[in-house]
Each structure stands twice: as structure tokens, then as C-alpha cells.
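This report describes selected charged and buried positions of one protein chain. Please examine the sequence and the model before reading on.

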Amino acid sequence: MKKNALLIFGTWLLFASTALAAGNGLRPMLVQGKTWWYTYHHFEDSESAKGQPASPIETASWEVSYTLRGDTAIDGRQYMKMYRRDYRHGSNRYYGALREDEQGRVWQYNADDEKEFMLCDVTCSYYPGPENMAIPDVVNIGGQLLHRWRWNGFTGIEGVGFAEKGLIRYLYDDVNCICDYESFAFVMGNDLYFSASDFTAPKYIELTDGERQLVAQNNDFAFSLFRKTRGGKSIIMSPLSVTYALGMLNNGAKGQTQQEICSVLGFNDTQAQNEFCLKMMNELAAAGYVDTTTKAHISNTIFVNKGMGWQLQPDFTHLASNYYHAYPQSRNFGDGQTRNVINQWGSDHTEGMIKEVLREEEFNPTAVSYLLNAIYFKGLWSDPFETEETRDEVFDNSELVPMMHKNAEMRYAENDLCQAVCLPYGNGTYQLHVLLPREDKTLSEVAESLDGKNWQLQGHNCEVDLKLPRFETNSDINLKTVMAELGMPTAFDPVKADFTNLCVDNQGENLYIGLMKQVAKIKLDEKGTEAAAITVIGMEATAMPDVATFHANRPFLYVISEQSTGIILFIGQYMGNKMTAAIRDVDAHDSKSEITNADAVYDLQGRRIEPSPLNSQLSTLRRGIYVRDGKKLVR
């Protein structure tokens, strides 16, 4: 008797989150000629007429700068001199002596007690950041790749300082120090220039040429999978979730089974697959620690059936924990609780978005194991829609949907096949691409034109009159047949499949994938997205307009991706809802009822339907959806 090795995918998206950064500095904090500029606020010093309230902010704020100029030696150590210039009072005086050691820590000499004290540690070895995570975050500023980190709620870039706090966080309320009275404006020196916005700029993920090729190949898989599963209704899916679940499982495969899985996912071998998955999991999670309005989490786990005597191979367990942060749980699947535990794991790792990964009829108490991956995304729009601008409008000439609307500058592209817009979340680390077929083109034509390299939006910024439906989509996709057709049939064959690296042999029984599915959900509204992705695919920009109209009032594709690598997290299509709108319940008149001339009947574009000259009644009304007396009428 053969057992099923069950593979489950739970996928989810939402809005919001954070990002962390740590690592050794790529360039020094202290550089001769470097200047920090601030707007100094000290309302107690504001000038006012006698007996009158303090004057407004104009007299209470002014520019101050701190410049490194010259050297000095103190107690055998070399320091740089810093000068403070007050542009309101015209003063320019010596501020203090600072030095930077080989570890990247900055020290200031205190002349009063003739000792130095540490101002900050750019390496983050002293201030490790939230949860002591040490994931490097690299920001690309003017071609320079610099590390960024967070400490105690402050964001900093190596060699620059803390956002809104200055070069260093000086702890004393001395009006002549770089302290909390002052807000960061910009810093410059030699070839350096940073504005305050650089602290929260989109995360830049460094990839080697080989890693970029892996991204393109995995995105090829994403579009191939989407084309196979899209069908004729609204769906949302995460090809990246499939990559992680299959990538983890592939460490338990051998021979042709393993080779086919690698080939379908776009990897040459399992080691390249493991390293890629680990890097992207860490990097995507890290992006949220800088931008608190977006979140992307990838989670993995494994359940193994100890009730049937199965145990995971030690090498497989080691690889799963090291590269996928998956820590196996041994359970008796016949205990009546395991399905609930699996579903609870899915809910916990999608913040309640997906509450049921396995339905009761799908759960197999004699299965060998369940491997799960969950991807959760939550993003707030950089430029939200105004709720007051949302109106019920006709979609695809068949139903009313809540249509969001705004006029704004955004990235736009077009060609003979489609129009495309790019809507960023938060600081732009994650983006939604929406691809709208031309009125004489189809979704299939657009989907067939896309691959892992050409899909990203090529265009320019322009003013766009944008209309986009507010919607919610749920998907439950059986992937067995699809994945076999894409090139990995052996894994599903009870005789030919080879997963001997997964479990310790149990009475000579062969393992194969008995169940493979994905559950996904997306909510897209005026504030942001719970799994909102829209695809804009490689268009050559020729003669582009200065002002564009983009009304997504017919079926469209969408993609959610990370901006610096182009890795695709989610792909979906919106083809309308079963029935949404502000119109009320279906009228008592159904397709069998007569409609008299006294009835005011309108189509969904607001046009009144006139009686037929051959029939004084409208009982011969064509099949479709109409509105009568504010109620929906189905014929």
C-alpha cells in the first residue's frame, strides 16, 4: 500500500509593515568636508514684542550646519574637528572632536572629563535593531550602495545619521548640540548628498548576474503557471508560494523527480534553489523594517505523520530549517485535531486572511506529510484613493462594481495590445502593475505575450485619469494536473516518483505527491491591498501621451512585485464579481415574467429600453441584466 506525500500551498496577501537593516558600513561616517544641515527649532528663543505672544515659526526656526574640517591629535588618537555654524546669529564655532574606529563606531572627545564616549555604532553590533535581526538592508543612493539600519525607532544610513535626529543621537538637551530640537534636512560633502527622504527610500536588493537570471527564470514559471490556471473567472495566485513549497520538497527528491522540479521552477540544481529562496525570504521580509506601510512575509512548515510511523530524513530536516526556516512537527494525523492545527497555522501566518487550507474531505489521516508555504502581503498605496470618489459603474457591460477614481501622476505605458499603469505601495519597494487589454484585444492575448523578462512596465510618468474597481477575490486551485503538464509528471506518479530523501523508509512504500493545491485571497480598496497585484508587461514606449485615460471597466491582469529585483509575488486577473452593486435585490419579475410598457427598464449604462414595435410588451427582452425601479432584473 502506497502512502500520499501531500503538498499544500496556503497563500495570502494584505496591507502594511516594516523593514530592518544591519551590517558593516560600506563607507565611513566621518569624511573631511562633510556637512550636515538642519532646521533648528527653539521656540523659547523666538522674538516677540513686549506683552505679545511668541511670534510664529519663522522666527523660531533657522538653518544650522555641522561641518568636518581639519584634524587634531588627542591622547595619541587622531580626531576630526567639527564646526557648528548658526546662520541666524552668524556664528561659526568649534563644536568638538570626533573619530571613527575600524569597526565603524563614532566617538566624541569630552573635554570636561578628558574622556571620549561612543555616539553610535554603524555596524549595529551594539544596537542590533528589532528582535536582534541582522539582515542587511542596502539602499541605492546616487549609484552608491549603502547600508541602512534601525535602532530604537530611528532609521539611519551608514555615514549619514539618524532620520530626524541628526548625525548622532546626542542625549543631552543642550541647545548647541545635535539634538532633538533639530530636524534633519540633508547632508552633503565631496560626492555625497542625502536628503531626508533617502532614509525611507525603497530597499535595494543586491543580486548577482546569476541571481538575476534565476529571478527571470522563476518569473517565466510564474507566467506559465498563471496561463495554465487562469480560466474564465477572477483568480489570485502566488507562483512564488509554489516555488517555496516545491523548493523545500525538492530537497527530499532524487533523480528524475528532482530534475523535473528544478527545471519547472527555473533552477539548475537544488543548491541554487535553496540559496535563492533563503536570500529572497530574508530580503523581502527586511524591506518592511524601513517602510512601515508595507509587509511581505514568507513562512514554511512541515507536518509529518508519526501515527503511521513516518520520520523525516535528518538531512532533509537540516536543509528545511537552514534554508526555509521550516521546523517540522510530528503528529498523529488520526488524532482528530491535525487538520485544525494545519488550518490554524495557515490563519496565523496570513493574519487571519485564510482560515481554511484543507477542507475536511481533502484531509487524509494516512498521509505521510503536509508541506506548507504561506506568503502574506499588505501594502498601503503611496497615493491613496479618496473614498468619496468611488462610484458604482458598469463593468464589462454586465454588472455594477464600486469603481475607485483619481487623477494623479503615475508610471504609464501603452502599445497596440494593452495599456499599463504602476501603482506603488508605501515607499515604492512593492508595486502593483495593472494591465488592461485594448477594447479589441483579450486577456488571453495579453497573458500569452508575457514572460519573465519582458513583463515589467516600460513607460514614463504622466497624468493619468485612473479608474480601478474595488474588489475581493478568493481562489482555491488544484495544482496536480497543472504542474504535471508544466513538466514534472514524475512527482505525481505512485510508481516512478522518488522522494527517498524525504522520509525514512517505512516498509518499502513509495512516496509521491497525492495532493497539491493553493488557496489565495486578495482585497483591494481605496487604502491599499490585501494581495493586490496588477501586471504591466514589457512595452516599447514610442509616442507616449502627456495625459492618459486608464479606465479598468473590463477584465484586466495584475501583478504584485518587488521593485529592485522584479520578483513576482502574486498574479491575478479581475473579470468582475458574481454580482456587486448598489442596486437592490432581484425584482420579483424573472425571466418568465411579462414586463409591460408601464415598467421603466434600463440597461446597465443607464439607457431606457423602448418597447418593441412588434410587441407591446417587453417579455421578449434579450437575456442580460437590467435595472427597473432601482432593482436588479435578470433575464
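Is aspartate 75 buried or exposed? The model is a predicted one, and in it aspartate 75 has a relative accessibility of 62%. Aspartate 75 therefore counts as exposed, the cut-off for that class being over 50%. Its place in the chain is the loop that joins strand S3 (61-74) to strand S4 (77-86). On the surface, Asp75 belongs to a patch of negative charge together with Asp112, Asp113 and Glu114.

**Salt bridges**

The whole structure contains 19 salt bridges. Three of them are listed here.

| Acidic residue | Basic residue | N to O distance |
|---|---|---|
| Glutamate 116 | Arginine 77 | 3.7 Å |
| Aspartate 476 | Arginine 359 | 2.7 Å |
| Aspartate 383 | Lysine 406 | 3.7 Å |

In the salt bridge between glutamate 116 and arginine 77, the partners come from strand S7 (residues 115-121) and strand S4 respectively, so parts 39 residues apart in sequence are tied together. Arginine 77 is partly exposed, at 39% relative accessibility.

The salt bridge of aspartate 476 with arginine 359 joins strand S23 (residues 471-478) to the loop between helix H6 (338-348) and strand S17 (369-380), and the pair thus ties together parts that are 117 residues apart in sequence. Both partners are partly exposed: aspartate 476 has a relative accessible area of 40%, and arginine 359 has a relative accessibility of 29%. Arg359 and Asp476 also belong to a network of salt bridges that includes Glu361, Glu362 and Lys517.

In the salt bridge between lysine 406 and aspartate 383, lysine 406 is supplied by strand S19 (residues 399-414) and aspartate 383 by the loop between S17 and strand S18 (391-395), so the pair links parts 23 residues apart in sequence. Lysine 406 is buried, with a relative accessible area of 12%, whereas aspartate 383 is partly exposed at 39%.

**Buried positions**

Phenylalanine 570 lies in strand S28 (residues 568-574) and is buried, with a relative accessible area of 0%. Its C-alpha atom is 5.6 Å from that of valine 559, eleven residues away along the chain. Alanine 491 is placed in the loop between helix H8 (480-486) and strand S24 (511-524), and with a relative accessible area of 1% it is buried. The C-alpha atoms of alanine 491 and asparagine 250 are separated by 9.7 Å, although the two residues are 241 residues apart along the chain.

Two cysteines are likewise buried: cysteine 277 at 0% relative accessible area and cysteine 418 at 3% relative accessibility. The count of disulfides is zero.

Conventions
Residues are numbered from 1 along each chain as its sequence is written. This is a predicted model: local features need pLDDT of at least 70, side-chain atom pairs count only at pLDDT 80 or more; totals for chains, interfaces and linings use all residues. Side-chain values use heavy atoms; hydrogens and water are left out. Patches are made of residues with over 30% relative accessible area and no salt bridge: like charges are joined within 9 Å, nonpolar side chains (Val, Leu, Ile, Met, Phe, Trp, Tyr) within 5 Å. Accessible areas come from the Shrake-Rupley method with a 1.4 Å probe; for residues, only the protein chains shown count as cover. A salt bridge is a side-chain nitrogen of Lys or Arg within 4 Å of a carboxyl oxygen of Asp or Glu. Lys and Arg count as positive and Asp and Glu as negative; His and the chain ends are not counted. The place of a charge is taken as NZ of Lys, CZ of Arg, CG of Asp or CD of Glu. Helices (H or I, at least four residues) and strands (E, at least two) are DSSP runs, numbered from the N terminus. Buried means under 20% relative accessible area, exposed over 50%, partly exposed in between (1.4 Å probe, protein chains only). A disulfide is a pair of cysteine sulfur atoms within 2.5 Å.
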